[in-house]
Amino acid sequence: MNSLKIFAFAILHATVGLCIAQSPAQTVWLDQLDLSAATQGYGVPNKNLTVDGKQMTISGTTFERGFGTHAESSLLIQLDGKAISFSAQVGIDDEVHGHEPASEFILLADGKKIWSSGIMRLGDPAKLCKASLIGVQKLELVVTDGGNGNYYDHANWADARFETNGTSTFVTTNPIPGTPYILTPKAPLTPRINGANVFGVRPGSPFQFVVAATGERPMKFSVKGLPKGLKIEPNTGLITGIVSKAGTYNIVINAENTKGKANKNMRIICGDKIALTPPMGWNSWNCFADQVSAEKVKRAAKAMVESGLINHGWNYINIDDFWQNNRDSKDESIRGDFRDETGNIIPNSRFGNMKALADHIHGLGLKIGIYSSPGPWTCGGCAGSYGYEKQDAITYANWGFDYLKYDWCSYGNVIDGMPDNDPYKVSSLSYRGGDQLATASKPFELMGEALKTQPRDIVYSLCQYGMSDVWKWGNSVGGNAWRTTNDITDTWTSVKNIALAQDQATAWANPGNWNDPDMLVIGTVGWGNPHPSKLRPDEQYLHFSLWCLFAAPLLIGCDMEKLDEFTLNLLTNDEVIAIDQDPLGKQATCIQIIGDLRIYVKELEDGSRAVGFCNFGQDIIDLNYSDFSKIGLKGRFTVRDLWRQKDIASISESKNKLPLHIPAHGVLLYKFTPLK
């Protein structure tokens, strides 16, 4: 064989070998994969159908294949470098006609954003999503809300497919472990007095405070230094009465049972400020939504007492929307006159006598909250307070309510000159005409002034979704708390995005004024369709830890009659709750970022610092930490694990390192106390 033939034979042999070694390209459709691993804000993931189970249609164009979901949504796919590219047509489904959804579609390749649709709205033509995936190990398909909440954000990944190097399928996964584990030690049988160390009341207002204490019952309570006008019920620890004279009263609370004694120093501050620590309690919305009733509220209150949550400082039972009559519902139980002939608001037939309900809740040692809107209609289309602000404030006080959540909702239509329009419209989260700040604050100022003139303290919570930087002016209109964000959902994407946005409001948190990142999404939630929270256990530990670090109002959103052991473990750790209730009232800030690790530090009244080592990534973080000067600590200090309630180290900031093992989407919550 001559040299030319040898060369030709070698080329042919190499080419054949190459063809044998390489597999032909293959298409893998997204709908061929297991979509059940996806998390989303509403409903369940659907193959080839919308989240409501209909054919996918984007701006009039129909699609046969794809993934129908709802913001906030996340689907993680393990590619292991075997995909070449991904493509899809994305957009909002036409089935939500008549509403104003907005979403953004995002591709994350190994944690890095490689494609984004930008904000998409109803009626926008489908947008082509196309990205190279060569070398990518994990791909995450994310749908976030478009800045106006996730209402009706029915999102489609239509005609979604992978081009691969021969692989016929991929595995969808959730890398965060799903098995619950308990960290909170059980409370001892000896008395232990929990709850806030300070309580605020206005002169002449009815005073109600129940001593939160764990330990074997029966238990006897007493108080030294109680101001004139107050008394304590020795069997329950309920302090009631009226303080007429302004001032600071230092008291000592005592608790005793057959196992031992306990005492605690506390301050009662009688002045012009209330809610000196963030409110703690329950709200009906995330559990019952439009199906709430007086009977369900009573049962939630009973569960708060019988579960022992009251002994850890939980004390508000707050009714959300749908206690009023509704203008659109076909349910006769919530249809009827909105107001009587003198303008007094009328509760629907599910509630009836609201004063009797408030008296019942107070009789359990708890407080009660109510809900309204500065617009003519609430978010759900029930009667709002527009034009009746002072009258409604008087009514709430006469009924005996202690808390008002005031939800922007249809006031957006008042601004637009359409007070009878869609109650779900939030003025597209914008203001039109006039000065923006004056427009934003006006309706809240009206109700704030009305509440101040009432003969009882009513905590005033502004549900305004963070518009116009409400944290900068919420106090000026009488607010005690204000939402910094759109509504939360029980998804990792929602909790993460809300958490990462809180630093902007930090400086405005102080006693009596609290930034509110929305309710807790732990336990059995569902907005009328109950299910266990979609957050994994480590995500719930991180969620609760961050809300305590943020000095946020702690409002349970779950079914109180379905509290499992894991949820109770989250809600009854007194050392973790004490971080939220610290009298200094400072909010934690993120002082350091190391990859996916964010370190939050909260200054405490006793000079110590609560530190959250928060892992926002999908992999465990192992780290020997030594940068203690950034936490603000010098010299020697003890380190206490607050979830496990035990000291773990005594460390010098100049010599030692602290080993950290932080779960994916998890947290280590430590308290650093300087040693003298």
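Two aromatic rings count as a pair here if their centres lie within 6.5 Å. Keep that cut-off in mind while you click around, and remember that this is a predicted model.

**Stop 1: the aromatic cluster**

Select Y386, Y406, W408, Y411, F444, Y460 and W473, and show their side chains. Together they form one aromatic cluster. Across the whole model, the count comes to 32 aromatic pairs. For a close look at one of them, zoom in on W408 and Y411, whose rings meet edge-to-face, with 5.2 Å between the centres and 65° between the planes. A pair of aromatic rings is described by just those two things, the distance of the centres and the angle of the planes. Are W408 and Y411 buried or exposed? Switch on a surface and check: W408 is buried, and Y411 is buried as well.

**Stop 2: strand β26**

Stay with Y406 from the cluster and colour its strand, β26 (403–407). Why is β26 described as largely enclosed by the rest of the structure? Because 5 of its 5 residues are buried. In a regular strand the side chains alternate between the two faces of the sheet. Try it on β26: Y403, K405 and D407 are on one side, L404 and Y406 are on the other, and all are buried, so both faces are covered.

Now bring in the neighbouring strands. β25 pairs with β26 in the parallel sense, over 4 bridges. Pick S372 and you'll find it opposite Y406 of β26. β27 also pairs with β26 in the parallel sense, this time over 5 bridges. Here, select K405 and look across to S461, its bridge partner in β27. Then add α5 to the view and trace the chain: β25, α5 and β26 make a right-handed β-α-β unit.

**Stop 3: the disulfide**

Next, select C379 and C409. A disulfide is a covalent bond between the sulfur atoms of two cysteines. How many disulfides does the model have? The count comes to 1, and it joins C379 to C409 with an S to S distance of 1.7 Å. The torsion about the S-S bond is about -75°, so this disulfide is left-handed. The pair links distant parts of the chain, 30 residues apart: C379 is in the loop between β25 (367–372) and α5 (389–399), while C409 is in the loop between β26 (403–407) and α6 (411–415). Both C379 and C409 are buried.

While you're here, click on C382. Why does C382 not bond with C379? The closest cysteine sulfur to that of C382 is indeed the one in C379, but at 10 Å it is too far for a bond. C382 counts as buried because its relative accessible area is 0%, and the cut-off for buried is under 20%. Jump to C614 for a similar check. Its closest cysteine sulfur is in C590, 8.2 Å away, which is too far for a bond. C614 is buried too, at 0% relative accessibility.

**Stop 4: arginines over rings**

Two places to visit for charges over rings. Select R65 and W29: R65 lies over the face of W29, 4.2 Å from the ring centre. Then go to R339 and Y388, where the charged end of R339 sits over the ring of Y388, 3.8 Å from its centre.

**Stop 5: backbone oddities in loops**

Switch to a backbone view and find A71 and E72. They are joined by a cis peptide bond, with omega about -5°. E72 is in the loop between β5 (66–70) and β6 (73–78). Another cis peptide bond runs from R217 to P218, with omega near 5°. Look for P218 in the loop between β17 (213–214) and β18 (220–224).

Which residue between β3 and β4 should you pick next? Go for S59, in the loop between β3 (56–58) and β4 (61–63). S59 is not a glycine, yet it has a positive phi of about 50°. At 34% relative accessibility, S59 is partly exposed.

Finish at D469, in the loop between β27 (459–463) and β28 (481–483). D469 also has a positive phi of about 50° although it is not a glycine. With a relative accessible area of 29%, D469 is partly exposed.

Terms used:
Residues numbered from 1 in each chain as written. Predicted model: local features only at pLDDT ≥ 70, side-chain atom pairs only at ≥ 80, totals over all residues. Heavy atoms only, no water. Phe/Tyr/Trp six-rings, centres within 6.5 Å; stacked < 30°, edge-to-face > 60°. Buried < 20%, exposed > 50% of the residue type's maximum accessible area, 1.4 Å probe, protein only. Lys NZ or Arg CZ within 6 Å of the ring centre and 35° of its normal. Helix = DSSP H or I, 4+ residues; strand = E, 2+ residues; numbered from the N terminus. Disulfide = S-S within 2.5 Å. Pairing = 2+ DSSP bridges. Right-handed = clockwise from strand over helix to strand, strands pointing away.
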